Amino acid sequence: MAKVVIFGVLDTAELAHFYLTHDSDHEVVAFTVNQEYLKETEFKGLPIVPFEEVETFYSPSEFKFFAPMTGRKMNKNREKVYLEAKAKGYEFITYISSKATWFGNEIGENCFILEDNTIQPFTKIGNNCVLWSGNHIGHHGIIKDHVFFTSHVVLSGHCVVESYSFFGVNATIRDYTTIAEGTLVAMSASITKNTEAWGVYMGSPAEKRPIPSFKVY
């Protein structure tokens, strides 16, 4: 069991608090946000402290960290907090729902994996990834760091997902496909061939749009 500080006080942080409280051995002890967003002193009955000074309140030698943030700015916002907390000396937990199906896969730190995800054997997941509920993650795949799956995404077998990618609800990816760095796969898009870095793909079969992903989300 670890005592955990959660970054944020919005919906994702509230959900993380719920899941960790009701479906893990971890104990949430506090929340933290950047000083400019510190409007209250408590959330869910626990203290909120400024992120800039969090290590003075909750020493990295005694407490662990969790930053289960959204995929905004193509996961760059979550990466920034992850790296800053790591620089402060924190170790991170990963939450995997007891209602997810997995097979002892190699899964990195600061991952938030919710209920009804199926992660098939021989697939690896990197650091700082979010898998919302109900995804199928096919066998022999590689998902790299800072990736966000929404819900009901089908990632077929032997796929490689490069960092900073984002998958909308009900997206489908063909087997043996490489999803390039920073790819945004739109809701219900069907990917049948390798993507290009920072591309936006919409439709079925999906077509690349002229605007880069970092200007869309």
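1. In which helix is the place of Arg78? Arg78 lies in helix α3, which covers residues 76–87. The model discussed in this note is a predicted one.

2. The surroundings of Arg78 deserve attention. The residue is buried, yet it has no salt bridge. Asp145 is the nearest side chain of opposite charge, and it is 9.3 Å away. Since a salt bridge requires a separation within 4 Å, Asp145 does not provide one for Arg78.

3. Arg78 does have a polar partner in the backbone: its side chain reaches the backbone oxygen of Asn128 at 2.8 Å. Asn128 also appears in the list of residues in contact with Arg78 once neighbours within four places in sequence are left aside. That list further includes Ala67, Met69, Thr70 and Gly71, together with Cys129, Val130, His146, Val147 and Phe148.

4. Helix α3 also holds Ala87. Ala87 is exposed, its relative accessible area being 68%, whereas Arg78 is buried. From Ala87 to Phe166 the separation is 79 residues in sequence and 25 Å in space, taken from C-alpha to C-alpha.

5. The model also contains an open sheet of four strands, in the order β9-β12-β15-β18, with parallel pairing. Strands β9 (124–125) and β18 (178–179) are at the edges; each has a single partner strand, so one side of each is left without a neighbour in the sheet.

6. Within this sheet, which strand is joined to β15 by two bridges? The strand is β18, and it runs parallel to β15 (residues 160–161). At residue level, Val161 has Ile179 of β18 as its bridge partner.

Definitions and conventions: Residues are numbered from 1 along each chain as its sequence is written. This is a predicted model: local features need pLDDT of at least 70, side-chain atom pairs count only at pLDDT 80 or more; totals for chains, interfaces and linings use all residues. Side-chain values use heavy atoms; hydrogens and water are left out. Two strands pair if DSSP finds at least two bridges between them. Buried means under 20% relative accessible area, exposed over 50%, partly exposed in between (1.4 Å probe, protein chains only). Lys and Arg count as positive and Asp and Glu as negative; His and the chain ends are not counted. A polar contact is a pair of N or O atoms within 3.5 Å; within protein, one must be able to donate a hydrogen and the other to accept it, and residues adjacent in sequence count only if both atoms are side-chain atoms. Contact means heavy atoms within 4.5 Å.
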